Amino acid sequence: MIDSSFRARATIDLSALKKNLSQVSAHCPESQIVPVIKANAYGHGVEKVALALNAMHRKFAALAVASMEEAIQLRTLGISTPILLLSGFRDKVEMDLCLNHKIEPVIHSMYQFEEIDKYLQTEFLTGFGRVWVKFNSGMNRLGLDKEQALRVYGDFHRRPETEVVFMSHLASADDPESQSAVELTQRQIAEFDSLKQQIATSTQGPVQASLAASAGILSLPQTHHQFVRPGFMLYGGSPFTNHTAGEIGLLPVMTLRAKIIAINNVEAGGTIGYGATHRCRQYTRVGIVSIGYADGYPRSAKNGTPVLVNTKQGPRRAGLLGRVSMDTIAIDLTGLDTVKIADDAVLWGDGLSADEVARYADTISYELFCRVTKRVEFVYTDG
């Protein structure tokens with residue numbers, strides 16, 4: 001009989017999350033930490049992750065999210081830690097929400113500055129709490145140019161009740177083995193440091209700054225400054241293109257499992273799945289696993305994508321066969337004779353790096369985590 005305790009399950013190890021966080025402290029002992037929990041904590045479940053972080057016996061400078069909806073969700077959970085809104089506010093309504101809920105906006109465009117400036121000119125208050133002024137140092141996504149950043153930072157700096165942080169974001173720090181990527185990163189660092197010095201000179205005082213996300217935290221100590229923004233590394237994913245998380249000392253937080261629900265014997269010449277894209281060269285023992293693209297398993301995964309199955313000899317690798325279906329995948333169990341129906345298969349996580357699986361699917365592990373759907377049962381452990 002098939003064990004129906006679950007069909008597909010994501011186990012979230014909160015103790016691993018905390019251990020990965022300790023790596024941030026080890027690399028940046030002088031920096032304040034802003035954990036990034038946007039996109040439903042990178043697919044791991046923002047409520048449980050945020051509450052676990054909130055319960056830790058340490059003070060974070062803020063928790064970072066990408067949208068106002070995410071920020072308000074944290075407040076409804078009773079979390080009082082400052083919230084960094086990475087996208088900034090979109091209009092006056094969202095600006096008012098920032099004021100009322102201790103949400104710290106990133107100012108990346110002049111329309112945002114102009115909205116705050118109008119507010120400060122009409123209210124008795126002389127400050128806006130803490131704001132983050134984002135400089136476009138070369139990524140060309142969000143950020144003010146040099147002249148705008150100098151003006152905006154200087155204006156906020158003159159308001160005694162407003163704390164200002166100068167920030168930017170690195171575009172290619174994830175690829176330290178590419179010469180062109182390294183050169184871009186160095187140009188961005190130089191642009192950032194140069195403007196930071198200009199600001200310090202014009203304001204005649206120290207400048208609080210933030211440049212490093214996960215890749216910078218792990219490999220570029222010159223980018224650490226007063227605030228660091230760890231994101232993907234917290235969840236046990238590698239921020240580097242050519243190294244898995246395990247290779248850099250990070251622990252997997254999400255382990256995705258499903259059940260083997262059928263085992264078929266296919267003769268040489270038989271084909272597997274939609275489109276008959278895989279033809280068996282020999283007699284093949286085929287396992288059918290209860291997970292598919294409707295659960296978030298990548299349809300782009302190629303033949304041979306590794307899956308970890310349990311045997312009497314311990315965990316063994318099997319390879320994906322044919323196309324990923326909506327609800328199932330097929331894997332090669334040839335030679336794994338002790339695997340039986342109702343055994344677990346690990347799609348990524350404990351024992352199988354999501355970074356490796358992502359390479360077979362021509363994507364990144366960030367996307368694997370974020371695409372796991374509500375059909376998958378989430379279970380949380382802590383220690």
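This report walks through one chain, from its overall build to a few of its strands, helices and a single histidine.

## The chain as a whole

What you see is a predicted model. The chain has 383 residues, and 52% of them are buried. Its secondary structure comes to 11 helices and 18 strands. Taken along the principal axes, the C-alpha atoms fill a box of roughly 80 × 45 × 35 Å. Looking at contacts with a separation of 6 or more, 67% are between residues 24 or more positions apart.

## Strand 7 and its partners

A good place to start exploring is strand 7, made of residues 162–167. Is this strand mostly covered or mostly exposed? Mostly covered: five of its six residues are buried. Strand 7 pairs with strand 6 and with strand 8, as the table sets out.

| Partner of strand 7 | Residues of the partner | Sense | Bridges | One bridge or opposite pair |
|---|---|---|---|---|
| Strand 6 | residues 129–134 | parallel | six bridges | lysine 134 and methionine 167 |
| Strand 8 | residues 208–210 | parallel | three bridges | valine 165 and glutamine 208 |

How does the chain get from strand 6 to strand 7? The path goes through helix 7 (residues 146–157), and this β-α-β crossover is right-handed. Further along, strand 7, helix 8 (residues 179–203) and strand 8 make a β-α-β unit that is right-handed too.

## Two helices side by side

The two connecting helices also meet each other. Two packed helices are described by the angle between their axes and the distance between those axes. For helix 7 and helix 8, the axes come within 10 Å and cross at roughly 40°. That angle makes helix 7 oblique to helix 8, because angles between 35 and 65 degrees count as neither roughly parallel nor roughly perpendicular. The crossing of helix 7 and helix 8 is right-handed.

Which residues bring the two together? On the helix 7 side they are Lys146, Ala149, Leu150, Tyr153 and His157. These meet Glu191, Leu195, Gln198, Ile199, Ser202 and Thr203 in helix 8.

## A look at histidine 243

Finally, let us visit a loop. Histidine 243 is found between strand 9 (227–228) and strand 10 (254–266). Is histidine 243 buried or exposed? Neither fully: its relative accessible area is 29%, so histidine 243 is partly exposed, as this value lies between the limits of 20% and 50%.

Leaving out residues up to four places away in sequence, histidine 243 touches Glu177, Ser238, Ile248, Asp355 and Arg359. The C-alpha atom of histidine 243 is also separated by 11 Å from that of alanine 215, and these two residues are 28 residues apart along the chain.

Notes:
Residues numbered from 1 in each chain as written. Predicted model: local features only at pLDDT ≥ 70, side-chain atom pairs only at ≥ 80, totals over all residues. Heavy atoms only, no water. Buried < 20%, exposed > 50% of the residue type's maximum accessible area, 1.4 Å probe, protein only. Helix = DSSP H or I, 4+ residues; strand = E, 2+ residues; numbered from the N terminus. Pairing = 2+ DSSP bridges. Right-handed = clockwise from strand over helix to strand, strands pointing away. Axes fitted to C-alpha atoms, helices over the stretch in contact; angles between N-to-C directions. Parallel < 35°, antiparallel > 145°, perpendicular 65-115°, else oblique. Left-handed = near helix turned anticlockwise from the far one by under 90°. Contact = heavy atoms within 4.5 Å.
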